[in-house]
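Please keep the sequence and the 3D view side by side while reading this report. Each section takes up one topic and can be followed residue by residue.

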Amino acid sequence: MTPTTDEEVRSDYLSRVFGCKEGNNVNQLFFAHYNDNMHWRLTVISPWNGLVCWLDPAGEENEINEFAKKIINEYELEGLKKFNMVHRKDIKKIKKNPYIEWKQPKCPRQPQYSKVCGYYVCRYMLEIIQKRVLWVSDKFFQADPCTYSTENIDEIRDLWAKYVLELEQDDINEGNEDGMDIA
């Protein structure tokens with residue numbers, strides 16, 4: 001998991017990730033969160049559909065970040081080609097010329113001038129996982145409300161706090177099992 005700029009290594013990695021479970025991950029989505037200039041966004045990748053959804057809490061009228069698009073298109077496309085050669089042999093057109101379609105579905109928007117975009121990205125992931133969908137359509141998120149309630153965001157804060165506390169407790173327990181004295 002060492003960071004690399006080697007394109008071959010990155011595309012091999014993506015091919016292996018997309019092909020996990022011997023390619024029987026038809027219903028699996030991959031999340032790639034992206035931070036640019038202190039603002040979080042989410043890409044949802046569906047390799048079986050050649051689809052990437054861009055979710056921006058600041059609003060769907062914002063352009064898809066060109067750098068994020070370039071990175072995903074370059075490395076995912078190579079990874080997708082390798083994935084298709086192994087797992088999608090039945091579709092010759094896709095095997096030879098895989099494609100990536102970008103969509104920007106409407107999603108709940110953070111309040112203007114707020115700094116809760118990271119919570120919104122986490123909330124998007126939670127809802128997508130809970131609904132067990134194959135991709136994020138334009139009608140995935142309800143039109144109303146156009147933003148999340150304080151309770152929705154507090155749920156993410158609570159989940160995150162519980163997760164961190166459990167990790168901390170696990171570290172403490174491992175330390176005690178190793179015979180370390182924790183004062």
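## A charged patch on the last helix

In this predicted model, E168 has a relative accessible area of 45%, and because values between 20% and 50% count as partly exposed, this residue is placed in that middle class. E168 is found in helix α5, which covers residues 150–177, and this residue belongs to a patch of negative charge on the surface, where E166, E168, D170, D171 and E174 gather.

## The overall fold

The secondary structure of the protein chain comes to five helices and four strands, and when these elements are read along the sequence they follow the pattern α-β-β-β-α-α-β-α-α. The chain has 183 residues, of which 36% count as buried.

## Salt bridges

How many salt bridges does a search of the whole structure find? The search finds five. One of them joins the side chains of E101 and K103, with a distance of 3.2 Å from N to O; E101 is partly exposed, at 38% relative accessibility, and K103 is also partly exposed, at 37%.

Another salt bridge joins R123 to E155, and here the closest N and O atoms are 2.5 Å apart. This pair links distant parts of the chain, since R123 lies in helix α4 (residues 117–131) and E155 lies in helix α5, 32 residues apart. R123 counts as buried, with a relative accessibility of 7%, whereas E155 is partly exposed, with a relative accessible area of 33%. R123 and E155 also belong to a network of salt bridges in which E127 is linked with them.

A further salt bridge is found where the side chains of D154 and R157 meet, at 3.0 Å from N to O. Both residues lie in helix α5 and are three residues apart, which is about one turn of the helix. An α-helix has 3.6 residues a turn, so residues three or four places apart point the same way. D154 is partly exposed at 31% relative accessibility, and R157 is partly exposed at 33%.

## Helix α4 and the residue after it

Helix α4 has 15 residues, and at 1.5 Å a residue it should span 21 Å; because the C-alpha atoms at its ends are 21 Å apart, the expected span and the distance in the model agree. The buried residues of this helix are C117, Y120, V121, R123, Y124, M125, L126, E127 and I128, a list that includes R123 and E127 from the salt-bridge network.

Helix α4 is followed by R132, whose phi is positive, near 50°, although R132 is not a glycine. R132 lies in the loop between α4 and α5, and its relative accessible area of 76% makes this residue exposed. Y113 is likewise not a glycine and has a positive phi, of about 65°; its place is in the loop between β4 (101–103) and α4, and with a relative accessible area of 77% Y113 is exposed.

## Residues apart in sequence

Some pairs of residues show how positions along the chain and positions in space can be considered together. C53 and K103 are 50 residues apart in sequence, while their C-alpha atoms are 4.8 Å apart in space. C53 lies in strand β3 (residues 51–55) and is buried, with a relative accessible area of 1%, whereas K103 is partly exposed.

A second pair consists of D138 and K106, which are 32 residues apart along the chain and whose C-alpha atoms are separated by 5.8 Å. D138 is found in the loop between α4 and α5, and at 45% relative accessibility D138 counts as partly exposed.

## A nonpolar patch

Which residues form a nonpolar patch on the surface? They are W160, Y163, V164 and L167, and together they have about 410 Å² of accessible area. W160 is found in helix α5, the helix that also holds E168 of the negative patch. Is W160 buried or exposed? W160 counts as exposed because its relative accessibility is 54%, and exposed means over 50%.

Definitions and conventions. Residues numbered from 1 in each chain as written. Predicted model: local features only at pLDDT ≥ 70, side-chain atom pairs only at ≥ 80, totals over all residues. Heavy atoms only, no water. Patch = residues over 30% accessible without salt bridge, like charges linked within 9 Å, V, L, I, M, F, W, Y side chains within 5 Å. Areas by Shrake-Rupley, 256 points an atom, 1.4 Å probe, with all protein chains shown as cover. Salt bridge = Lys/Arg side-chain N within 4 Å of Asp/Glu carboxyl O. Lys, Arg positive; Asp, Glu negative; His and termini not counted. Charge placed at Lys NZ, Arg CZ, Asp CG, Glu CD. Helix = DSSP H or I, 4+ residues; strand = E, 2+ residues; numbered from the N terminus. Buried < 20%, exposed > 50% of the residue type's maximum accessible area, 1.4 Å probe, protein only. Expected span 1.5 Å × (residues − 1).
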